[in-house]
Amino acid sequence: MGITIDISGLAKSYGDLPVLRGCSFTFQANQTYAILGVNGAGKSTLLRILALLENPDTGEVSYLEGGRPHRKNQELKRKITLVLPQVGVFNTTVFQNVTYGLKIRGLHKRDYKVRVERLLDLVGLTEKREQKAMTLSSGQIRRLGLARAMVIEPEVLLLDEPTASLDPGNTKIIETAIRDLRDQRKTSIIMSTHDFTQARQLADSILAVEQGQIMEWSGAPFSGALLSSPGLGEGEAGLGSPMKKGER
Ligand SMILES: Nc1ncnc2c1ncn2[C@@H]1O[C@H](COP(=O)(O)OP(=O)(O)O)[C@@H](O)[C@H]1O
Ligand SMILES: [Mg+2]
């Protein structure tokens, strides 16, 4: 069925720093979105709000399942997973790390063994399954973090810069795993990234957070300036106008 996330007039400030100022957008169920934006644009803030870890100052976030609003309860929180760039691991094996979320949900090993093995293979950690997670390289830990999130089959997967500061080999593995999940069309994926090529390859829609607003990329040539320099003039990056509610 999938979860559609509708945000409307979302605003968030920290002290007197306005970060998000009236963001409105509908993230359709089972679609993949990439969010671009300079450092400090508010991408992580938006992801934390979508993950129900933080409240907006004003505005609404609605989670619709089968067209009906879902209550913001523990059950909904369990359907949403946010993966941060800094992955914390438990001091146990790779396999135990990946299966932890399944065990606390009361699943038996026979029910998830195949799923876990497929995921370990997807992120290239099959050979490391009995290794202590704390002894993995940083790239392997990031792959473990993604596998651990994907294994619980969340309905909404939020990825905060999943490949930032990774080498090309690790980046490719993570991208392949995200693509695999996207192609199954059973998860709403929203990822922030600095890599426009990656956004084009993985996402159904490309968005940008700029000056506290969400814009949708119009498909016009992209200058790339959005990724490196703040204060970009409007339209220069081929971005459309801020999304208004009900516009899609
Ligand atoms: N908890 C917080 N307290 C104070 N300021 C914050 C907090 N979280 C984020 N910020 C500030 O909000 C702005 C947006 O941050 P962030 O959402 O992390 O941007 P991005 O992920 O696009 O780089 C930054 O200036 C950041 O320092
Ligand atoms: Mg961030």
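Reader: Before we start, what makes a residue buried?

Author: Happy to set that out, and please keep in mind that this is a predicted model. The test counts other C-beta atoms within 10 Å of the residue's own. A residue with 12 or fewer is exposed, and the values in between are partly exposed. To be buried, a residue needs 20 or more.

Reader: Is cysteine 23 buried or exposed, then?

Author: Cysteine 23 sits in strand E2, which covers residues 17-27. Its C-beta atom has 26 neighbours inside 10 Å, and the cut-off is 20 or more, so cysteine 23 is buried.

Reader: Which residues does cysteine 23 touch, beyond those up to four places away in sequence?

Author: One of them is leucine 10, 13 residues apart from cysteine 23 along the chain, with 4.7 Å between the two C-alpha atoms. With that partner included, the contacts are Ile7, Leu10, Leu46, Gln213 and Ile214.

Reader: Which element gives the most to the shell around ligand 1?

Author: Good one to ask with the ligand on screen! The shell includes Tyr14, Leu17, Val19 and Asn39, and by type it divides into four nonpolar residues, six polar and one charged. Strand E2 and helix H1 (43-50) each supply at least two of the shell residues. With three residues, the top contributor is H1.

Reader: How many residues of helix H5 are buried?

Author: Helix H5 runs over residues 138-151 and reaches 20 Å from first C-alpha to last, close to the 20 Å expected. Its cover includes strand E6 (80-83), helix H3 (94-104), helix H4 (109-122), strand E7 (156-160) and helix H6 (168-184). Among the buried residues are Leu144, Ala147 and Met150. Of the 14 residues in H5, the buried ones number 12.

Reader: And which residue takes a positive phi just after H5?

Author: Helix H5 ends at residue 151. Just beyond that end, a phi of about 50° belongs to glutamate 153.

Reader: How many residues are in the largest nonpolar core?

Author: Those with the most contacts inside this core include Tyr33, Ala147 and Leu207. Helix H5 gives the most to the core, with seven residues. Tyrosine 33 touches Phe27, Ile189, Ile190 and Leu207, among others. The core's full count of residues is 58.

Reader: Is valine 87 buried, exposed or partly exposed?

Author: Valine 87 is in the loop between E6 and H3, and its contacts beyond four places in sequence are Ile141, Arg142, Leu144 and Gly145. The C-alpha atoms of valine 87 and arginine 143 are 9.3 Å apart, although 56 residues separate them along the chain. Because 19 other C-beta atoms lie within 10 Å and burial needs 20 or more, valine 87 is partly exposed.

Reader: What share of the contacts between residues at least 6 apart in sequence joins residues at least 24 apart?

Author: The protein chain has eight helices and 11 strands, and buried residues make up 36% of its 248 residues. For those contacts, the share joining residues at least 24 apart is 71%.

Reader: Which stretches have a pLDDT below 50?

Author: The chain averages a pLDDT of 90, and 88% of the residues score at least 70. One low stretch has 17 contacts beyond near neighbours in sequence, and another has four. Where pLDDT is low, the predicted coordinates should not be read in detail. The stretches in question are residues 228-238 and residues 244-248.

Technical notes:
Residues are numbered from 1 along each chain as its sequence is written. Chains are lettered from A and ligands numbered from 1 in the order in which they are written. This is a predicted model: local features need pLDDT of at least 70, side-chain atom pairs count only at pLDDT 80 or more; totals for chains, interfaces and linings use all residues. Helices (H or I, at least four residues) and strands (E, at least two) are DSSP runs, numbered from the N terminus. Two residues are in contact if their C-beta atoms, placed from the backbone, lie within 7 Å. The expected span of a helix is 1.5 Å times one less than its number of residues. A residue is near a molecule or strand if its C-beta atom, placed from the backbone, lies within 6 Å of it. Ala, Val, Leu, Ile, Met, Phe, Trp, Tyr, Cys and Pro count as nonpolar, Asp, Glu, Lys and Arg as charged, and the others, Gly among them, as polar. pLDDT is the predictor's confidence in each residue, from 0 to 100. A nonpolar core is a set of buried Ala, Val, Leu, Ile, Met, Phe, Trp, Tyr and Cys residues joined through C-beta atoms within 7 Å.
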